[in-house]
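Got your viewer open? Here is a short tour, stop by stop.

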Amino acid sequence: TSFIRLWTLQSGTDDASLHCKAPQQPSQSAQDNSTPEQVIMSNELQLVQPSKIISGSGERVVLIFKSTLPELSSSFTVEFKGEKQISVARATKENPYTLVLDSPDHPPETTKATVKCDNKFLGNTVIEFVSKLHQLEKLLSDVTKPTEFMCQSLGAKDMTS
């Protein structure tokens, strides 16, 4: 199962285990100085689904890699780093190329998601956490008559007609 642990911005990394061989890591300056908006998906990550997560939903996130992942005994974590908070979630290996995790309870913001195996870098991407209200706003903005749509959705009569 997964767990969620919150870290402060001053958190450091522990010594890495020897049995985890990570893909090539980007240069330190490119990795540390980038803001979430500037980060693009690393070469090792093939797909992240979904790329937008409703805050507090515990939604299942799937990460698919191009290369095979380290052996089963490895510990996989995903750090979601935003301006408001840093959240860390444990991921489980679904198959040689796929990690699965439950999204952490993170506030709405754009985050840099960094995937690690025993504290060694595997890849990174941008994941956006959005509020339920934002999702509702987006749904209603695509509808020509939002009031009528909401009345139909809730099974209520439209008082304006």
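Which strand should you colour to find Thr-111? Pick strand β8, residues 109–117 (strands are DSSP runs of E, at least two residues, and helices runs of H or I, at least four, numbered from the N terminus). Before you click on, note that this is a predicted model, where local features need pLDDT of at least 70, side-chain atom pairs count only at pLDDT 80 or more, and totals for chains, interfaces and linings use all residues. Numbering runs from 1 along each chain as its sequence is written, and side-chain values use heavy atoms, leaving out hydrogens and water.

Show the side chain of Thr-111: its relative accessible area is 0%, so Thr-111 is buried (buried means under 20%, exposed over 50%, partly exposed in between, with a 1.4 Å probe and protein chains only). Now add Ile-127, whose backbone oxygen sits 2.8 Å from a polar atom of the Thr-111 side chain.

Next, select Phe-80 and Phe-129. A search of the whole structure turns up one aromatic pair, and these two rings form it, edge-to-face, 5.5 Å centre to centre with 85 degrees between the planes. (Rings of Phe, Tyr and Trp, the last by its six-membered ring, pair with centres within 6.5 Å; planes under 30 degrees apart are stacked, over 60 edge-to-face, the rest tilted.) Phe-80 is in strand β5 (76–81) and Phe-129 in strand β9 (120–130), 49 residues apart. Phe-80 is buried at 0% relative accessibility, and Phe-129 is buried at 1%.

Last stop: helix α2, residues 132–141, which holds Leu-133. Leu-133 is exposed, because its relative accessible area is 62%.

Methods: Polar contact = N/O pair within 3.5 Å; in protein donor to acceptor, adjacent residues only side chain to side chain.
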